[in-house]
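Grab the model and work through these exercises with it on screen. Each one sets a task and then walks through a solution.

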Amino acid sequence: MRERLLVPLLLAQLLGLAACDRGAETAVGTLEWDRVELITEFSEPIVEILHHEGEQLAVGEVILRLDPRRAQARLDAARAAREQAEARLAELQRGPRAEQIAEGRARLSGADDDLAVRERELARLETLLARKLTSPDSVDSARRLRDQARSLQEQARATLDALEHGTTREELDQAAAALAQARANEQERGLDLDRLTVRAPGGGRLDDLPFRLGEQPAAGKVVALLLTGPRPYARVYVPEAIRVRVGAGTAASVAVDGLDAPLVGRVRKVLADPAFTPYYALTEHDRGRLTYLAEIDLPAAPEGLPAGVPLVASFQLAEANAP
């Protein structure tokens, strides 16, 4: 982080030197590529690395793989839960089996017979009690047994009615919702497993692999850095003195260290905020040290140019667009 903060200050000093030698219409910077940082969402050991720094990659090409065993187990559990939910919904949609309905009818018939026996027994004991041939306690006991038999009969009848009427709409809706949840969970676990394989999102050059085989990066860490795009571009710091005359579309000539001829480019964008100290905290003299980060497209730049090479951009201010 400290090094990143020092970069604009160092470039500002270089800018002052360049302005003395080349005039106020120049800006210094470096050659850059679009950088894609590939992170890991899970903390798992790296079990395979298929490419190395500097190799050119195609879209979707596998760079490395993390240990998939934990994610695979979670996916298997989610798949089993989904299959269970599917079976439950199918069972409810089919409704009760004929065997279950027959069993319910048999239970009700048995409960009817038992109730009839208990009622006859109660009637017999009541007759004997009237003739003083039995005790009141025996009649009370027979009445309790008759009441229990009646309760069992009502329970058997309710169970048979539920079987004959089949599954309710509410039960089907609950089973369908449970299945939808199980399917979504399985899909999420499948994505988790797939994310353990790091692939190139676009064609480009593999610039850096911060971790080695067997290491276990923390979740959210960058595991691969990819340089993408058809051509490099120039990232420069525009001096405050010419900021109002430099905007998107401004033509520029970019001299790259190591190239004999300058490259023709055009400004892609210029950030509105200065690269370091805010302008309202500076005096009129100090405001001249402000710089604004800009990017310049270089359509004719060679493909093999590396990132980070110093350059100097000269702007054609007569052709600049108004801000």
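Angles under 35 degrees count as roughly parallel, over 145 as roughly antiparallel, 65 to 115 as roughly perpendicular and the rest as oblique. Keep in mind that this is a predicted model, where local features need pLDDT of at least 70, side-chain atom pairs need 80 or more, and totals for chains, interfaces and linings use all residues. Numbering starts from 1 along each chain as its sequence is written, and side-chain values use heavy atoms, without hydrogens or water.

**Exercise 1.** Work out how α2 and α5 are oriented to each other.

Step 1: find helix α2 at residues 69–94 and helix α5 at residues 169–194. (Helices are DSSP runs of H or I, at least four residues; strands are runs of E, at least two.)

Step 2: take the angle, about 160°, with the axes 8 Å apart. Axes are lines fitted to C-alpha atoms, for helices over the stretch in contact, and angles run from 0 to 180 degrees between N-to-C directions.

Step 3: α2 and α5 are therefore roughly antiparallel.

**Exercise 2.** Lay out the open sheet of 3 strands.

Step 1: the order is β2-β4-β5, with antiparallel pairing; strands pair if DSSP finds at least two bridges between them.

Step 2: β2 (46–49) and β5 (197–199) each have a single partner strand, so one side of each lacks a neighbour in the sheet.

Step 3: β2 pairs with β4 (residues 62–66) over 3 bridges, and Ile46 has Leu66 as its bridge partner in β4.

**Exercise 3.** Find the elements with the lowest and highest mean pLDDT.

Step 1: pLDDT is the predictor's confidence in each residue, from 0 to 100.

Step 2: helix α1 (residues 2–22) is lowest at 44, and β4 highest at 97.
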